[in-house]
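Q: Please take a close look at one part of this model for me: the place where the two protein chains meet. Then follow it outward to its surroundings.

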There are 2 protein chains.
Amino acid sequence: MKLQQLRYIVEVLNNNLNVSATAESLYTSQPGISKQVRMLEDELGVQIFGRSGKHLTHVTDAGNDVINISREILAKVESIKAVAREHTLPDQGKLNIATTHTQARYALPDVIQGFMSKYPKVSLHMHQGTPSQISDLAAKGEADFAIATEALHLYNDLVMLPCYHWNRSVIVNKDHPLSKKGSIDISDIAKYPLVTYVFGFTGRSELDQAFERAGLTPKIVFTATDADVIKTYVRLGVGIGVIASMAVSDELDSDLVKIDASHLFDYSTTKIGFRKGSFLRSYMYDFIERFAPHLTKDKVEKAMMLKNNDEVEKMFKGVTLPVK
Amino acid sequence: MKLQQLRYIVEVLNNNLNVSATAESLYTSQPGISKQVRMLEDELGVQIFGRSGKHLTHVTDAGNDVINISREILAKVESIKAVAREHTLPDQGKLNIATTHTQARYALPDVIQGFMSKYPKVSLHMHQGTPSQISDLAAKGEADFAIATEALHLYNDLVMLPCYHWNRSVIVNKDHPLSKKGSIDISDIAKYPLVTYVFGFTGRSELDQAFERAGLTPKIVFTATDADVIKTYVRLGVGIGVIASMAVSDELDSDLVKIDASHLFDYSTTKIGFRKGSFLRSYMYDFIERFAPHLTKDKVEKAMMLKNNDEVEKMFKGVTLPVK
DNA sequence: GTCAGTTACGGCCCCCGTAAGGATC
DNA sequence: GATCCTTACGGGGGCCGTAACTGAC
């Protein structure tokens, strides 16, 4: 059994059982992969992939188990390399962060700036995507961290740590009737056409829940994946906006009126996620702590040992998180 | 990085940094190992072993981390092989049990007999040893299961599940004064020369504790690692014996008088231990359940996910175990 | 002087890449 | 017919084993 054989079967699955595509993605030849896969199957005495004629059609039960274990092995191989780099060049390395527009635009810039000035030799990569793309990148090990508010809970091989709470504000044009009201309630919002986040993004579920609880149906006329687009359409008079409070700037958005709505919705929790069992470089621990000061190296290591994310939630039950 | 390189460094450590001995134990040449170790070090850019001149003197910090991860990788490689065998030959395989005399002689025979008749194609190996040897075998993966009462708690990469409680009986010759007493207390025992287990064996610590609690010092004149030897010396009149109740047979030991002493000592708990993260064959789950009926596959899998053995103890806190 | 690890060298196996063949859609 | 995997074959690298060398106790 060779490590590359394990790499091959994992990548073949990642490429939807297309061996040719796999070969290209690994910069090697297709027959090479085919052969190694069959050699591994011969050695183990089990089919990993089901075949109809010469096409791979599905993953067998045994194959599924084998591939899952292989993934763990390959993750640990990466850990060994990370350990080695940590001992030779503690301040050098890579940091791949997968995150959403909201985080990248409003929550991360300060942290990133501080981080980059302390670790000039760490090459930082940001990948923007949908919450599920983000989780996927982290689960496959292509990103070190996933930072988002939604959808992270689906992956059980990611550890997800709560970073901060946030809530929403309503934004309206200055001439809008709501701009004069001191405080608003949920029925005020339901009266007007609404512009907000797309489902599955940036705490959208808490928003829907609040309306449902109140027995109201909001008139959502436009949804976007980021606050900047939402603000643009609010300015055009398409409707009133509901966005994360941190996305409204006093200076840049002085033409809009911001009305706090944190009493109307449950708070959302932004989380940072990474692969269970992976070795974290010291600068990674530092990054986490810069982003969420309560997540010290100690706490993170403890959380990594828990068996699932329900346990992690329990662990942080009593902790008061920062609010943004 | 090659799997064999990882195997080499792990085995070099297992052989006390002696490369020649390692080569012999792996049936390969010494220069081959030396070279692969250095190649791995070169690739990682870190020394794994510290050297003074040409001798390996110690393991570096980095090397320690690397070797620990390597062990996990190699364990998972074994898991892959086990998965494969499980899918091809579910009723064939090996089962290596490391245990003490007491278990092998009194607790296991019934279980083994039933197991062997159900799984005639599983080749069963029993390794008898001291509790710490047993733990060691299991931790290194040379035994699938460790079954013992003592010393298992020291290894944190073993999962240890409680199997049954047991307590002690006093055995005396028929003409001994105690043979007439209906019930005895701890001071009765302290009066006479005592023959019992060696320290570190078969729940010896609970025995010592009971005397200490009572402020008494037993006159221990002879210790042995197994009940058969103890019984022999009791017969010779060397002293009275204190052994596990299950080690006294009504038929075979009819020349001795057995006096229950379970009210005098804390019960001991015999445990079964195996490597965390290893893949257990279906017949292994069956073996566990035959030995300890409350340990169903479900329960065992749950326990494997816990982070340490304190958690395991918590999990089984409310469960009433069989008594032997 | 003995033991232990390193260096040097040669053989062999295995892995990979190219090219051609056959199956499936 | 296009796509995709398999088989066949040749080249090259790397792993292993033997043998000789060198440093340490």
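A: Start with the area. This is a predicted model, and in it chain A and chain B bury about 2600 Å² between them. Carbon and sulfur atoms give 80% of that area. Each side brings residues to the contact: 28 from chain A and 28 from chain B.

Now look at the charged links. The interface of chain A and chain B holds 2 salt bridges. In one salt bridge, the side chain of A:K76 meets that of B:E72, with N to O at 2.7 Å. Polar contacts can be counted too. Between chain A and chain B, 2 residue pairs are in polar contact, with both residues at pLDDT 80 or more.

Which elements of chain A build its side of the contact? Helices α1 and α4 (61–88) of chain A each supply at least two residues to the side that touches chain B. The largest share comes from α4(A), with 17 residues. Sorted by class, this side of chain A has 15 nonpolar, 6 polar and 7 charged residues.

Stay with α1 of chain A for a moment. This helix spans residues 3–14, and A:Q5 lies in it. Is A:Q5 buried or exposed? A:Q5 counts as buried because its relative accessible area is 4%, and the cut-off for buried is under 20%. The side chain of A:Q5 makes a polar contact of 2.9 Å with the side chain of A:Q36. Leaving out residues up to four places away in sequence, A:Q5 touches A:Q36, A:M39, A:L40 and A:E43.

Next comes the DNA. Helix α1 of chain A also supplies at least two residues to the surface near DNA strand C. So do α3 (30–44) of chain A and, from chain B, α2 (19–25) and α3 (30–44). The most comes from α3(B), with 4 residues.

In total, 23 residues lie around DNA strand C. A:T28, B:S20, B:Q30, B:S34 and B:K54 come nearest. Of the strand's atoms within 4 Å of the protein, sugar and phosphate account for 73%. By class, the surface near DNA strand C has 6 nonpolar, 12 polar and 5 charged residues.

Finally, zoom in on the phosphates. A polar side-chain atom of A:T28 sits 2.4 Å from a phosphate oxygen of DNA strand C. For A:Q4, a side-chain N or O atom is 2.9 Å from a phosphate oxygen of that strand. Chain B takes part as well: a side-chain N or O atom of B:R38 is 3.4 Å from a phosphate oxygen of DNA strand C.

Conventions. Residues numbered from 1 in each chain as written. Chains lettered and ligands numbered in written order. Predicted model: local features only at pLDDT ≥ 70, side-chain atom pairs only at ≥ 80, totals over all residues. Heavy atoms only, no water. Buried < 20%, exposed > 50% of the residue type's maximum accessible area, 1.4 Å probe, protein only. Polar contact = N/O pair within 3.5 Å; in protein donor to acceptor, adjacent residues only side chain to side chain. Contact = heavy atoms within 4.5 Å. Buried area = accessible area lost by both parts, 1.4 Å probe. Salt bridge = Lys/Arg side-chain N within 4 Å of Asp/Glu carboxyl O. Nonpolar A, V, L, I, M, F, W, Y, C, P; charged D, E, K, R; others polar. Near = heavy atom within 4 Å.
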